[in-house]
Amino acid sequence: MKRVVVFLYLVLFVSCRSQNSIPEKYANTIKQDDLYNYISVLASDSLEGRGTGTKGQKSAAIFIKNKFEKFGLLPWIKTKNGNSYFQEFKMHKKGIKKPFDLPMFLWNEKEVDEDELSNYVETENVLGYIKGSEKENEYIIISAHYDHLGRYEDKIFYGADDNASGTSALLEIAEAFSIALKENYKFKRSVIFAAFTGEEKGLLGSRYFMEYPTIESTKIAANLNIDMIGRNGDEFVNVIGASIITPKLEELIENVNDLYVDLRLDYSLDEGSTPSSLYKRSDQYNFARFGIPAVFFYGGYHSDYHRTSDTIDKINFSGLSKRTILIFHTAWELVNMKERF
Ligand SMILES: [Zn+2]
């Protein structure tokens, strides 16, 4: 049965491809130079490691917002003063040690004691979207966290891989979709581009997004999350958790990869095979726990992880762009497929 399904997928893809290669045209707008330029800003001295609630994190948020605006994405958040790209909230400076080790996390001013308030910082997710033409109320969410560890005294944690790499991929994918839209391509579903904050403090930005919803979780058809995809060469990518909610997401990624990218897809870090359970350690987990098909694209561990030495000179831009293109094509198929999973 699986073979038949795969065969049908291929027939579908190949026939689409022989008529035209619309997604490839837009995948070609994803450029190593652009990825480099984004990381060089996000992981620069002036952004001071993008610590949650700091000036550097705010500067990063404004940088991302300005790009979203330039691309022509719509601001997702509705406020009293009109629409905004920023979803603002308060979180405890310390964050939480492990995701979900508190029964409830206090977000809002009215839930926090007056004298406790000084321990809270303001922070924001950055959210832009494209409206679908046929299934406006079904959403694909592409996400990457843009916060990092900030600085400690005069030492900056640059977080070039973690996660300026994923944020740069998010921006390139958003731009590719926006160019298609400007050239009158009609996307079936809506797609939200989410740059999450507070990930390093316990996945708090994505958690806020899901627990103080601006969208019903049943309307979210899938989440593609990108975290650290800039290291360890250009031949593989770790695909984590793609078959946990439905095997179809993993099949789709396989097919897209065979057709367009040809990376080696590594499933060895999947749930169950590792005690640290990476699936629960980035923002996709906040979608998965609502039953939403979600996948974590990851380029693997390295000795600069969470050190000041995670810098741009160590990024493999060939690998980063191949992985970005794989995620772009996966997103394109999810947005346009006939029926959601
Ligand atoms: Zn990360």
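This section describes the overall fold, the zinc site and the surroundings of one buried asparagine in a predicted model.

The protein chain contains 9 helices and 13 strands. Of its 341 residues, 57% are buried. Contacts across the sequence are mostly long-range: among those between residues at least 6 apart, 84% join residues at least 24 apart. The accessible surface of the protein chain amounts to about 15000 Å², and carbon and sulfur atoms account for 50% of this area.

The zinc ion is coordinated by NE2 of His145, by an OD atom of Asp162 and by two OD atoms of Asp227, at 2.1 to 2.7 Å. Along the chain, these donors follow the spacing H-x16-D-x64-D. His145 belongs to strand β6 (residues 135–145), whereas Asp162 belongs to helix α5 (residues 160–182); the two residues are 17 apart, and the pair links distant parts of the chain. Both His145 and Asp162 are buried. The angles among the 4 donor atoms run from 51 to 150°, and the site is irregular. Tetrahedral geometry would require all angles to lie between 85 and 135 degrees, so the range of 51 to 150° does not meet that criterion.

Asn257 is located in helix α7 (residues 247–261). This residue has a relative accessibility of 3% and therefore counts as buried, the cut-off being under 20%. A polar atom of the Asn257 side chain lies 2.7 Å from the backbone oxygen of Leu263. Beyond its neighbours within four places in sequence, Asn257 is in contact with Asp262, Leu263, Leu265 and Leu326. Leu263 thus appears both in this set of contacts and as the residue whose backbone oxygen faces the Asn257 side chain at 2.7 Å.

Terms used
Residues are numbered from 1 along each chain as its sequence is written. This is a predicted model: local features need pLDDT of at least 70, side-chain atom pairs count only at pLDDT 80 or more; totals for chains, interfaces and linings use all residues. Side-chain values use heavy atoms; hydrogens and water are left out. Helices (H or I, at least four residues) and strands (E, at least two) are DSSP runs, numbered from the N terminus. Buried means under 20% relative accessible area, exposed over 50%, partly exposed in between (1.4 Å probe, protein chains only). Contact means heavy atoms within 4.5 Å. Accessible areas come from the Shrake-Rupley method with a 1.4 Å probe; for residues, only the protein chains shown count as cover. Donors are N, O and S atoms within 2.8 Å of the metal (3.2 Å for Na, K and Ca); water is not among the atoms, so sites may look incomplete. Four donors count as tetrahedral if all angles lie between 85 and 135 degrees; four count as square planar and six as octahedral if opposite donors are over 155 degrees apart and all others between 65 and 115; anything else is irregular. A polar contact is a pair of N or O atoms within 3.5 Å; within protein, one must be able to donate a hydrogen and the other to accept it, and residues adjacent in sequence count only if both atoms are side-chain atoms.
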